[in-house]
Amino acid sequence: SGQLVYQNKGCIGCHSLDGSKLVGPSFKGLWGADRKFADGSSEKADENYIRNSILNPKGQVVAGYNPVMPTYQGKLSDDEIKFVIAYFKTLK
């Protein structure tokens, strides 16, 4: 289900699954990785981080990327966000 959300809700246009850099960072190996942000801070990519990145993407912008992702608040249901998180856990 998470793969369908990735494909059908626009994620695929800006985020790769193979490690290549697009408009946004790749989701390959995201789960559990340390994310470094433009402000110099960092955080481990866990459920809370992914949820916040979907709902408030300009709150923590990954270093090397521009803050262009729109919020998906009201565009994704809680279940769809859970499906995406579960999918990201499988991307090694």
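Q: Buried means under 20% relative accessible area, exposed over 50%, and partly exposed in between. Is Asp78 buried or exposed?
A: The model is predicted. In it, Asp78 has a relative accessible area of 52%. The cut-off for exposed is over 50%, so Asp78 counts as exposed.

Q: Which residue does the side chain of Asp78 meet in a salt bridge?
A: The pair is joined at 3.7 Å, N to O. Asp78 lies in helix α3 and its partner in helix α2, so the salt bridge ties together parts that are 27 residues apart in sequence. At 23% relative accessibility the partner counts as partly exposed. The partner of Asp78 is Arg51.

Q: How many salt bridges does the structure hold?
A: The salt bridge between Arg51 and Asp78 is one of them. Others include Glu80 with Lys9 and Glu47 with Lys89. The total for the structure is four.

Q: How many residues apart in sequence are the parts tied together by Glu80 and Lys9?
A: The two side chains meet in a salt bridge at 3.7 Å, N to O. Glu80 lies in helix α3, whereas Lys9 lies in the loop between α1 and β1, so the pair ties together parts whose separation in sequence is 71 residues.
The relative accessible area of Glu80 is 18%, which counts as buried. Lys9 is partly exposed at 33%, and the separation asked for is 71 residues.

Q: Which helix holds Glu47, and which holds Lys89?
A: The side chains of Glu47 and Lys89 meet in a salt bridge at 3.0 Å, N to O. Both residues are partly exposed: Glu47 at 42% relative accessibility and Lys89 at 31%. The pair ties together parts that are 42 residues apart in sequence because Glu47 lies in α2 and Lys89 in α3.

Q: How far apart in space are Gly2 and Tyr87, C-alpha to C-alpha?
A: Gly2 is found in helix α1 and counts as buried at 5% relative accessibility. Leaving aside neighbours within four places in sequence, Gly2 is in contact with Phe83, Val84 and Tyr87. Gly2 and Tyr87 are 85 residues apart in sequence, yet their C-alpha distance is 5.0 Å.

Q: Which element gives the most to the largest nonpolar core?
A: This core has 20 residues, and those with the most contacts inside it are Phe27, Leu30, Tyr49, Ile50, Ile54, Leu76 and Phe88. The elements that give two or more residues to it are α1, α2 and α3. With five residues, the element that gives the most is α3.

Q: Which residues does Leu30 touch, not counting those up to four places away in sequence?
A: Leu30 is among the residues with the most contacts inside the largest nonpolar core. Tyr49, Ile50 and Phe88 are also in that group. Leu30 touches these three, and its full set of such contacts is Arg35, Ala45, Tyr49, Ile50, Phe88 and Leu91.

Q: At what distance does the side chain of His15 reach the backbone oxygen of Pro25?
A: His15 is in the loop between α1 and β1, and its relative accessible area of 10% makes it buried. Leaving aside neighbours within four places in sequence, His15 is in contact with Tyr6, Leu22, Gly24, Pro25, Phe27 and Met69. Its side chain reaches the backbone oxygen of Pro25 at 2.7 Å.

Q: With the side chain of which residue does the side chain of Ser16 make a polar contact?
A: Ser16 lies in the loop between α1 (2-8) and β1 (34-36), where it is buried with a relative accessible area of 6%. Not counting residues up to four places away in sequence, Ser16 touches Tyr6, Leu22, Pro25, Ser26, Phe27 and Lys28. The polar contact spans 3.3 Å, and the partner is Asp18.

Q: What accessible area do Leu22, Val23 and Val68 have together?
A: These residues form a nonpolar patch on the surface. Val68 is in the loop between α2 (47-55) and α3 (78-90) and counts as exposed at 51% relative accessibility. Leu22 is also touched by Ser16. Together the residues of the patch have an accessible area of about 240 Å².

Notes:
Residues are numbered from 1 along each chain as its sequence is written. This is a predicted model: local features need pLDDT of at least 70, side-chain atom pairs count only at pLDDT 80 or more; totals for chains, interfaces and linings use all residues. Side-chain values use heavy atoms; hydrogens and water are left out. Helices (H or I, at least four residues) and strands (E, at least two) are DSSP runs, numbered from the N terminus. Buried means under 20% relative accessible area, exposed over 50%, partly exposed in between (1.4 Å probe, protein chains only). A polar contact is a pair of N or O atoms within 3.5 Å; within protein, one must be able to donate a hydrogen and the other to accept it, and residues adjacent in sequence count only if both atoms are side-chain atoms. Contact means heavy atoms within 4.5 Å. Patches are made of residues with over 30% relative accessible area and no salt bridge: like charges are joined within 9 Å, nonpolar side chains (Val, Leu, Ile, Met, Phe, Trp, Tyr) within 5 Å. Accessible areas come from the Shrake-Rupley method with a 1.4 Å probe; for residues, only the protein chains shown count as cover. A nonpolar core is a set of buried Ala, Val, Leu, Ile, Met, Phe, Trp, Tyr and Cys residues joined through side-chain atoms within 4.5 Å.
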